[in-house]
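Open the model in your viewer and keep the selection box at hand. The tour goes stop by stop, with something to select at each one.

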Amino acid sequence: MASENPKHAGIVYLVGAGPGEPGLMTLRGADCLRRADVVLYDFLANPTILAHARAGTELICCGKHGRGAMMSQDEINRQLVQLASQGKCVVRLKGGDPVVFARCGEELQALRSAQIVYEIVPGVTAAQAAASYAGIPLTHRDDASAVAFIAGHETIEKDASGLDFDALARFPGTLVYYMGVTTAPAWTARLMEAGLDPQTPCAVIRRVTWPDQQVIRCPLKDVADEIEARQLRPPVIVIVGRAVAHAPHTDWFASRPLFGQTVLVTRPQHQTAEFARRFEELGARCLLQPAIEIAEPESWSAVDDALARISTYHWLVFSSANGVRFLLERLLDKHGDARLLAGVRIAAIGDRTAATLREYRLNADLTPQEFRAEALAECLLPHAAGGRFLLARASRGRELLGEQLTAAGAAVEQIVVYESRDVPRADEQVVAELRAGRIDWITVTSSAIARSLVKLFGEELRKAKLLSISPITTATLAELGFEVAAEAKEYTTDGTVAALLEGLENGLRN
């Protein structure tokens, strides 16, 4: 803490966001983001990490995605002090670790001078992540008894006394250069002039832990030429030392089956992160573009009326996990607990919907083996004659289930428990990526999403491969004039991922 007797009620958390992979954010860092009133974040911090912040949190970027004017360090210091002085909880989110080449010392001095309370939350620094994600041991019992982190720009920004290259050349371990892209010709030459073997193994690693991570292995004498020939731009880490030779030629990170593939996830906002994670775990880069929005119904009157008469129904039928959440949250809000459903049997369209019911301590009495309306209708038809069914549904969707139950002699009432609306416009970055051909796959997980995607992107959809969750969705796309590249055999998240993997095995790789 900066002071035992602070003048202000605010606090500043200096949080390490890690090198890029959002899963490397610490639990403490995520907790601080959830508390924040304001977040000042570096452009090198993965923006998906900002999802930990509460809705309405003020988000201030200290740069423009690595291009254009950057906020000066003096301005950052001033804002930290000013915001905390207003009693706000402020997170300063930094790429990597706050105390490793992140100008943390200047920010701490400003906070101490203003008697602002602060806390430093460590992050995974790029050197550690680069070594781990490239399979390089930073230390080795035979070849590296120490590790040194070095600022590559010091050869220009500081005088000759800033770094002792003779000592670095004799260093008994691994050298890790940060920010050394533009100065690579200078610092590599100085190391070799000081006696370091030009054949010393090196690894040049760009965009550490990101799905497009690059690893170039070469001897020290070739580092500058490789950077120039490949036109590498920051962020880049260069690892220098004999320990690099112990790494496998192909690292575990780049060996994952979806490495190098970019997937556009189009589910509603609250479902995109979980769905994307399944692809990311297999190495894919994911972009998020919800195609539909999910919201409360315009009026709860029909739902409230049905809940008041819930004991008169024999079956309550859910055709989605969203339906479960919206109906049961309304039930709990109006009636206090789920015992109102004690005499009603419950049907769920699939395992995910049944799992959502279990979150509310309810078990489905009936779940078909296949996740589709036809299978659910088939399972319910033996109970149809003389039965009273309440169908909890979206504002739009297929009418098949209600029609088949009615035809079989059931009394069917349908209530809209949530609205499904098309997203009016696509994210500009996603449009640019699709137009440039940098998206490999687009997930399509419902007919509503299919129709919305065509409205959002039109003919641009043909620049990527369409990944369909089911034959129904595939048929909708065909009606709209689009052909799918792969279709899930199991109509679930796992089935969709499996279809993509099978597609790649069959040669569907750009």
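The stops below cover strands, helices and some backbone angles in this predicted model.

**Stop 1: strand E1**

Select residues 11-16, which make up strand E1. This strand is mostly covered, with six of its six residues buried. Show the side chains. Which residues point one way from E1, and which the other? Ile 11, Tyr 13 and Val 15 point one way. Val 12, Leu 14 and Gly 16 point the other way. Both sets are buried.

Now add strand E5, residues 117-121. E1 and E5 run parallel and are joined by five bridges. Pick Leu 14: Ile 120 in E5 stands opposite.

Next, add strand E4, residues 89-94. E1 pairs with E4 too, again in the parallel sense, over six bridges. Leu 14 serves here as well, since its bridge partner in E4 is Arg 92.

**Stop 2: helix H2**

Select residues 73-85 for helix H2. Put a distance label between the C-alpha atoms at its two ends: they are 18 Å apart. That agrees with expectation, because 13 residues at 1.5 Å a residue should span 18 Å.

Which residues of H2 are buried? Colour Gln 73, Ile 76, Asn 77 and Gln 79, then Leu 80, Val 81, Leu 83 and Ala 84. What covers the buried residues of H2? The cover includes strands E1, E2 (38-41), E3 (58-61) and E4, along with helix H3.

Step just past the end of H2 to Gly 87. Its phi is positive, about 85 degrees.

**Stop 3: the five-stranded sheet**

Move on to the open sheet of five strands. Follow the order E6-E7-E10-E8-E9; the pairing is mixed. Which strands are at the edges? They are E6 (147-151) and E9 (214-219), each pairing on one side only. Neighbouring strands in this sheet are turned by 20 degrees against each other on average, direction ignored.

Zoom in on E6 and E7, the latter being residues 174-178. The two run parallel, joined by five bridges. Select Ala 148 and find its bridge partner in E7, Leu 175.

Then show helix H4, residues 126-134. H4 lies across E6, E7, E8 (201-206), E9 and E10. Its direction is at about 70 degrees to E10.

**Stop 4: backbone exceptions**

The last selections are in loops. Most residues other than glycine have a negative phi, and most peptide bonds are trans.

- Select Phe 101, in the loop between strand E4 and helix H3 (104-113). Its phi is near 50 degrees, a positive value in a residue other than glycine. Phe 101 counts as partly exposed because its relative accessibility is 36%.
- Select Arg 361, in the loop between helix H12 (351-359) and helix H13 (373-380). Phi is positive for Arg 361 as well, near 65 degrees. Is Arg 361 buried or exposed? At 74% relative accessibility, it counts as exposed.
- Select Pro 234 and Pro 235 together. The peptide bond from Pro 234 to Pro 235 is cis, with omega near 5 degrees. Pro 235 lies in the loop between helix H8 (223-229) and strand E10 (236-240). From there you can return to the sheet of Stop 3, where E10 sits between E7 and E8 in the strand order.

Definitions and conventions
Residues are numbered from 1 along each chain as its sequence is written. This is a predicted model: local features need pLDDT of at least 70, side-chain atom pairs count only at pLDDT 80 or more; totals for chains, interfaces and linings use all residues. Side-chain values use heavy atoms; hydrogens and water are left out. Helices (H or I, at least four residues) and strands (E, at least two) are DSSP runs, numbered from the N terminus. Buried means under 20% relative accessible area, exposed over 50%, partly exposed in between (1.4 Å probe, protein chains only). Two strands pair if DSSP finds at least two bridges between them. Axes are lines fitted to C-alpha atoms, for helices over the stretch in contact, and angles run from 0 to 180 degrees between N-to-C directions. Contact means heavy atoms within 4.5 Å. The expected span of a helix is 1.5 Å times one less than its number of residues.
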